[in-house]
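Visitor: I am new to this structure and would like a close look at one part of it. Could you take me to the largest pocket and then show me some of the residues around the fold?

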Amino acid sequence: MDPEALKLTCPAAWQGAAMGELTVWVDPLDGTKEYTQGLLDHVTVLIGIAVGSKAVAGVIHQPYYNYKSEGATVGRTFYGLVGE
């Protein structure tokens, strides 16, 4: 876990959002064609979160990042939250 990510808090404007206002979309294998061709460096997992019609947060994970480097940590994740 990233200790910096654990420090993030939900902005006050979204703390009272009802479940019906939230949209979460997931692309579990962005880069399907690249994956089937063995181009694993180009494969990502994408997650987006919206409140109402406004995108407010997202995550991009590269599960195969550094997979060719022996002894290296494999995978990396980027995340963002509007206002943080």
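Guide: Here is a walk that begins at the largest pocket and then moves on to single residues. Please keep in mind that this is a predicted model.

Let us start with the pocket itself. The largest pocket holds about 300 Å³ of space. Its lining is made up of 16 residues, and L8, I49, A57, G80 and L81 are the ones closest to its centre. Which strands help to build this lining? At least two residues each come from β2 (44-51), β3 (54-62) and β4 (76-81). Of the contributions to the lining, that of β3 is the greatest, at 4 residues. If you sort the lining by class, you will count 13 nonpolar residues and 3 polar ones, with no charged residues.

From the pocket, follow strand β3 to Q62, which belongs to that strand. Is Q62 buried or exposed? Its relative accessible area is 14%, which is under the 20% cut-off, so Q62 counts as buried. The side chain of Q62 has a partner in the side chain of R76, and a polar contact of 2.4 Å joins the two. Setting aside neighbours within four places in sequence, the contacts of Q62 are D41, V43, T44, G75, R76 and F78.

One of those contacts, T44, deserves a stop of its own. You will find T44 in strand β2. T44 is buried because its relative accessibility of 11% falls under 20%. Apart from residues up to four places away in sequence, T44 touches D27, P28, L29 and D30, and also I60, H61, Q62 and P63.

Next, look at strand β1, which covers residues 22-30 and includes V26. With residues up to four places away in sequence left out, V26 touches L46 and I47. For a sense of distance, compare V26 with A13: they are 13 residues apart along the chain, and their C-alpha atoms are separated by 23 Å.

Now turn to another pair, E84 and L8. These two are 76 residues apart along the chain, and 6.9 Å separates their C-alpha atoms. E84 sits in the segment after β4. Because its relative accessible area is 51%, which is over 50%, E84 counts as exposed. Beyond its neighbours within four places in sequence, E84 is in contact with L8 and T9. L8 brings us back to the pocket, as L8 is among the lining residues closest to the pocket centre.

A charged pair comes next. Side chains of opposite charge can pair when their charged atoms come close. How many salt bridges does a search of the whole structure find? The search finds 1 salt bridge. The side chains of E4 and K7 form this salt bridge, with 3.1 Å from N to O. K7 is exposed, since its relative accessibility of 56% is over 50%. E4, in turn, has a relative accessible area of 45%, so E4 falls in between the cut-offs of 20% and 50% and counts as partly exposed.

Our last stop is N66, in the loop between β3 and β4. What is notable about the backbone here? The phi angle of N66 is near 75°, a positive value in a residue other than glycine. N66 is partly exposed, with a relative accessibility of 27%.

Conventions. Residues numbered from 1 in each chain as written. Predicted model: local features only at pLDDT ≥ 70, side-chain atom pairs only at ≥ 80, totals over all residues. Heavy atoms only, no water. 1 Å grid on protein atoms, 1.4 Å probe; cavity = no way out; pocket = protein on both sides within 12 Å on 5 of 7 lines; lining within 4 Å. Points joined across faces, edges and corners; volume = space filled by probe spheres on them. Nonpolar A, V, L, I, M, F, W, Y, C, P; charged D, E, K, R; others polar. Buried < 20%, exposed > 50% of the residue type's maximum accessible area, 1.4 Å probe, protein only. Polar contact = N/O pair within 3.5 Å; in protein donor to acceptor, adjacent residues only side chain to side chain. Contact = heavy atoms within 4.5 Å. Salt bridge = Lys/Arg side-chain N within 4 Å of Asp/Glu carboxyl O.
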